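Me: I am a first-year student and would like to learn how to read a protein structure step by step. Could we go through this one with questions and answers?

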Amino acid sequence: MIIQPMSQMEISRIIGTENIGVEEGEELISILRDIQLKKEEDDRTGLYRRVYSKKGRKVKELFEANIPLEEIGRRQGMQMRDLRDMLISLHAAREIDLKLWIEENVAAADLHKGTDYFRKAEDQTLSHARQVLGLDYDSLGWCKTYVAHESVVTEAA
C-alpha cells in the first residue's frame with residue numbers, strides 16, 4: 001500500500017523536498033487529496049475511468065470543437081443515449097460545462113418545466129419525470145444535469 005504525504009511534516013520527511021516551502025507543500029497536499037477523492041469516487045462509480053478513456057477524451061475534444069452531437073455520435077459509433085451519458089459523465093467530472101449548451105439546445109419551456117421538477121421532486125428518476133411532465137428522456141436527462149450543475153456550483157461557493 002502506498003502512503004501519500006498528507007501533512008507538511010510528512011512532506012519534509014521525503015528525500016529531496018527540503019526546499020519545498022509551506023505554500024508549495026499545501027498545494028501538493030491539496031493535489032494529493034483531490035487525487036485520493038477521485039480514486040475513491042472512481043472505485044465506487046467508474047466515473048474517471050469512463051471520462052479519461054480514449055472514447056471519453058475524444059468525445060470531450062469533439063464537443064469542445066462545437067461538433068454537433070449527431071456527428072460526434074456518428075464518428076464515435078455511439079447511440080445518442082450513450083453519447084448523452086458520456087457528456088453527463090464529463091460534466092460530473094468537471095471536464096466540461098454543459099450549462100450553456102443545455103440552455104441553447106433544450107427548448108426553453110421544456111427546460112423550465114424539467115428543471116423546476118428536478119429541483120422539487122422527491123422521485124428523481126427520468127421515468128417518473130416523463131410520466132408527470134410528458135417530456136422525452138433526452139430533454140429530461142439534460143434538465144436533470146442542469147439542476148445537478150446548480151448544486152455543484154452551490155457546493156463550490
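Me: Is Lys120 buried or exposed, and what is its relative accessible area?
Reply: This is a predicted model, and the values discussed here are computed from it. A residue counts as exposed when its relative accessible area is over 50%. Lys120 passes that cut-off and is therefore exposed, with a relative accessible area of 63%.

Me: Which residue forms a salt bridge with Lys120?
Reply: Side chains of opposite charge can pair when their charged atoms come close. In the pair that includes Lys120, the closest N and O atoms are 3.0 Å apart. The two residues lie four residues apart in helix 8 (residues 108–120), so they are separated by about one helical turn. The salt-bridge partner of Lys120 is Asp116.

Me: What is the relative accessible area of Asp116?
Reply: The class of partly exposed residues lies between the buried ones, under 20%, and the exposed ones, over 50%. Asp116 belongs to this class because its relative accessible area is 29%.

Me: How many salt bridges does the structure hold?
Reply: The bridge between Lys120 and Asp116 is one example, and the side chains of Asp43 and Lys39 meet in another, at 2.9 Å from N to O. Asp43 and Lys39 are four residues apart in helix 2, which means that about one helical turn separates them. The number of salt bridges in the structure is ten.

Me: Which residues are linked with Glu71 in a network of salt bridges?
Reply: The side chain of Glu71 meets that of Arg75 in a salt bridge of 2.9 Å, N to O, and these two residues are about one helical turn apart because they are four residues apart in helix 5. Both count as partly exposed, Glu71 with a relative accessible area of 23% and Arg75 at 45%. A network of salt bridges links Glu71 with Arg74 and Arg75.

Me: Which residues gather in a patch of negative charge on the surface?
Reply: One member of this patch is Glu27, whose place is in helix 2 (residues 22–45). A relative accessible area of 51% is over the 50% cut-off, so Glu27 is exposed. The residues that gather in the patch are Glu23, Glu24, Glu26 and Glu27.

Me: What distance does helix 6 reach from its first C-alpha to its last?
Reply: Helix 6 covers residues 80–92 and has 13 residues. At 1.5 Å a residue, a span of 18 Å is expected for helix 6, and the span in the model is close to that value. From its first C-alpha to its last, helix 6 reaches 18 Å.

Me: Which residues of helix 6 are buried?
Reply: To count as buried, a residue must have a relative accessible area under 20%. In helix 6, the residues that meet this condition are Leu83, Arg84, Met86, Leu87, Ser89, Leu90 and His91.

Me: Which residue with a positive phi follows helix 6?
Reply: The residue in question is found in the loop between helix 6 and helix 7 (99–105), and its phi is near 60° although the residue is other than glycine. At 56% relative accessibility it counts as exposed. The residue is Arg94.

Me: Where is Asn66 placed?
Reply: Asn66 is not a glycine, yet it has a positive phi of about 60°. Asn66 counts as exposed because its relative accessibility is 67%. The place of Asn66 is in the loop between helix 4 (54–64) and helix 5 (69–76).

Methods
Residues are numbered from 1 along each chain as its sequence is written. This is a predicted model: local features need pLDDT of at least 70, side-chain atom pairs count only at pLDDT 80 or more; totals for chains, interfaces and linings use all residues. Side-chain values use heavy atoms; hydrogens and water are left out. The expected span of a helix is 1.5 Å times one less than its number of residues. Buried means under 20% relative accessible area, exposed over 50%, partly exposed in between (1.4 Å probe, protein chains only). Patches are made of residues with over 30% relative accessible area and no salt bridge: like charges are joined within 9 Å, nonpolar side chains (Val, Leu, Ile, Met, Phe, Trp, Tyr) within 5 Å. Accessible areas come from the Shrake-Rupley method with a 1.4 Å probe; for residues, only the protein chains shown count as cover. A salt bridge is a side-chain nitrogen of Lys or Arg within 4 Å of a carboxyl oxygen of Asp or Glu. Lys and Arg count as positive and Asp and Glu as negative; His and the chain ends are not counted. The place of a charge is taken as NZ of Lys, CZ of Arg, CG of Asp or CD of Glu.
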